[in-house]
Amino acid sequence: MQLFWQRGYEAASLQDLQAATGLSKSSLYQTYPSKQAWFVAAFSLYVAQRRALLLEQLQASASPLAFIRERLLSVLEDDGPDGVPRGCMLVNVANEFSLSEPALVPVLQQATAGVCQIFEQALERAVAGGELSNGNNLGARAAYLQCVMSGLRTQVKSAVSADSIRATVAVVMAGLDCA
């Protein structure tokens, strides 16, 4: 998973997979029949781990709006082992493949929907707790937050300044109760 996250599908070679897993070529193909199958498995693992982490963070957060703000600002902390921003594997995969890999389409759709569901849960909690007064269009606002997060991750990979990212997040947070 880390290999594909860091390098992407195209740049990860069979030799890289062997080195990352410690498996021989024949064992690699016995485990999964192709590089694509390895990639789908790695991406599916990423999606499951990310969803579990987001749910855990939401549960642990004292404030649903603080959770949202922290998640949006977390894009500033996602450097790879080499110190270069690696972004979100979901965004990277969507950008690298778009809809050209049919095996990834359901996983991409599930992952995006999962992030939206978690943001929607946070918004519902914010309304129930009185942090937001406007409970309209929570699904659309959750999708908006997922889009913002994806855009922020792209900006970080494009070397947009941390101050600019923070300013954008402040604008997003200020506008959440206006929808």
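This is a short talk on the fold, the annotated regions and the nonpolar cores of one protein chain.

Okay, let's start. One caution before anything else: this is a predicted model.

First, the overall picture. The protein chain has nine helices and zero strands. Read from the N terminus, the order is simply α-α-α-α-α-α-α-α-α. The C-alpha trace spans about 60 × 30 × 30 Å along its principal axes. Of the 179 residues, 38% are buried.

Now contacts. Take the contacts in the chain with a separation of 6 or more. Residues 24 or more positions apart account for 67% of those.

Next, the surface. The chain exposes about 9100 Å². Carbon and sulfur atoms supply 55% of that area. On charge, there are 13 positive and 15 negative side chains. The centres of these two sets lie 3 Å apart.

On to the annotations. Both come from an unreviewed UniProt entry. The entry places "domain: HTH tetR-type" on residues 1-50. In the model, that span is 74% helix and 0% strand. Its end C-alpha atoms lie 12 Å apart. The entry also marks a "DNA-binding region" at residues 13-32. Here the model gives 75% helix and, again, 0% strand. The end C-alpha atoms of residues 13-32 are 15 Å apart.

Now the interior. As background, nonpolar side chains in soluble globular proteins tend to be buried together. So what does the largest nonpolar core look like here? It has 26 residues. The ones with the most contacts inside it are F67, I68, L72, F119, L123, L145 and L176.

Which helices supply at least two residues each? They are α4 (35-60), α5 (64-73), α7 (105-128), α8 (138-157) and α9 (162-175). The biggest contributor is α8, with seven residues.

Let's zoom in on L72. That residue sits within α5. Set aside its neighbours within four places in sequence. L72 is then in contact with L145, V148, M149, L152, V169, V172 and M173. Place those partners on the helices. L145, V148, M149 and L152 fall in the range of α8. V169, V172 and M173 fall in the range of α9. So if you open the model, L72 is a good residue to click on.

There is also a second core, separate from the one above. This one has 24 residues. Among them are W5, A42, L90 and F97. W5 and A42 both lie in the span annotated as the HTH tetR-type domain.

To wrap up: an all-helix chain, with nine helices, a 26-residue largest core and a separate core of 24.

Methods
Residues numbered from 1 in each chain as written. Predicted model: local features only at pLDDT ≥ 70, side-chain atom pairs only at ≥ 80, totals over all residues. Heavy atoms only, no water. UniProt positions renumbered as here; feature names shortened; annotations may be inferred. Buried < 20%, exposed > 50% of the residue type's maximum accessible area, 1.4 Å probe, protein only. Contact = heavy atoms within 4.5 Å. Areas by Shrake-Rupley, 256 points an atom, 1.4 Å probe, with all protein chains shown as cover. Lys, Arg positive; Asp, Glu negative; His and termini not counted. Charge placed at Lys NZ, Arg CZ, Asp CG, Glu CD. Core = buried A, V, L, I, M, F, W, Y, C linked by side-chain atoms within 4.5 Å.
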